[in-house]
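Subject: Structure handover

Dear colleague,

I am passing on to you the structure shown below, together with an account of what was found in it. Please keep it open beside this message as you read.

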Amino acid sequence: MDYDSIMTVTVEEAKANLAEIIAKVEAGAEILIARNKECPTVKLVSVPPKASRLVQHPEMAKALVIHDHAALAKPLPPEEWGDLTDR
């Protein structure tokens with residue numbers, strides 16, 4: 001990694017200029033925070049919008065279709081319990 005092309009600030013500079021640093025990172029800059037200028041310890045990068053680790057499989061998107069969302073919150077009527085009434 002080419003640290004010369006990335007802005008490096010000390011912890012003290014980051015504390016004093018946090019709003020400016022966040023604005024630069026949101027604009028696409030990568031900023032390193034270092035305890036001293038020689039040794040960066042943290043890299044700040046922007047988070048992509050709608051970042052999520054969970055991704056729905058394309059086939060599953062078609063698998064479940066809910067026609068009556070309100071029905072999901074209602075209890076199941078006794079006549080639909082079937083064998084579960086004996087438990």
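Of the 87 residues in the chain, 13% are buried, and I should say at once that this figure, like everything that follows, comes from a predicted model. The chain exposes about 7800 Å², of which carbon and sulfur atoms supply 57%. Among the contacts with a separation of 6 or more, 32% are between residues 24 or more positions apart.

As for the overall layout, the chain has 3 helices and 3 strands, and when it is read along the sequence these follow the pattern β-α-α-β-β-α.

The strands are a good place to begin. Strand S1 covers residues 7-10 and runs parallel to S2, to which it is joined by 4 bridges; within this pairing, Met7 stands opposite Ile31 in S2. On the other pairing, S2 and strand S3, which spans residues 40-44, are antiparallel and are likewise connected over 4 bridges, with Lys43 in S3 as the bridge partner of Leu32. The link from S2 to S3 is a hairpin of 5 residues.

S2 therefore takes part in a pairing with S1 and in another with S3, and both of its faces are covered, since Ile31 and Ile33 on one side and Leu32 and Ala34 on the other are all buried. Setting the two pairings side by side in this way, one can turn to the interior.

The largest nonpolar core has 6 residues, namely Val9, Ala14, Ile21, Val25, Ile31 and Ile33. Helix H2 (18-26) and strand S2 (31-34) are the elements that give two or more residues to this core. In soluble globular proteins, nonpolar side chains tend to be buried together. For Ile31, leaving aside its neighbours within four places in sequence, the contacts are with Ile6, Met7, Val9, Ile21, Lys24, Val25, Val42, Lys43 and Leu44.

Two residues of S1 deserve a separate word. Thr10, which is placed in that strand, has a relative accessible area of 13% and is therefore buried, the limit being under 20%. Apart from neighbours within four places in sequence, Thr10 is in contact with Ile33, Ala34 and Lys37. Thr8, which also lies in strand S1, counts as buried at 18% relative accessibility, and, not counting residues up to four places away in sequence, Thr8 touches Glu13, Leu32, Ala34 and Lys37.

Where does Pro40 stand in relation to Thr8, given that they are 32 residues apart along the chain? Their C-alpha atoms are separated by 7.3 Å. Pro40 is found in strand S3 and is partly exposed, with a relative accessible area of 31%, whereas Thr8 is buried. When residues up to four places away in sequence are not counted, Pro40 touches Leu32, Ile33 and Ala34, and both Leu32 and Ala34 are also touched by Thr8.

On charged side chains there is less to report, as a search of the whole structure finds 1 salt bridge. In this salt bridge the side chains of Glu30 and Lys43 meet, at 3.3 Å from N to O. Because Glu30 lies in the loop between H2 and S2 while Lys43 is in strand S3, the pair ties together parts that are 13 residues apart in sequence. Side chains of opposite charge can pair when their charged atoms come close. Glu30 is partly exposed, with a relative accessible area of 31%, and Lys43 also counts as partly exposed, at 37% relative accessibility. Lys43 has appeared above as the bridge partner of Leu32 and among the contacts of Ile31.

Finally, the surface carries a nonpolar patch formed by Leu64, Ile66 and Leu72, which together have about 310 Å² of accessible area. One of these residues, Leu72, is found in the segment after helix H3 (58-63). Is Leu72 buried or exposed? With a relative accessible area of 59%, Leu72 is exposed.

With best regards

Note on methods: Residues numbered from 1 in each chain as written. Predicted model: local features only at pLDDT ≥ 70, side-chain atom pairs only at ≥ 80, totals over all residues. Heavy atoms only, no water. Buried < 20%, exposed > 50% of the residue type's maximum accessible area, 1.4 Å probe, protein only. Contact = heavy atoms within 4.5 Å. Core = buried A, V, L, I, M, F, W, Y, C linked by side-chain atoms within 4.5 Å. Areas by Shrake-Rupley, 256 points an atom, 1.4 Å probe, with all protein chains shown as cover. Patch = residues over 30% accessible without salt bridge, like charges linked within 9 Å, V, L, I, M, F, W, Y side chains within 5 Å. Salt bridge = Lys/Arg side-chain N within 4 Å of Asp/Glu carboxyl O. Pairing = 2+ DSSP bridges.
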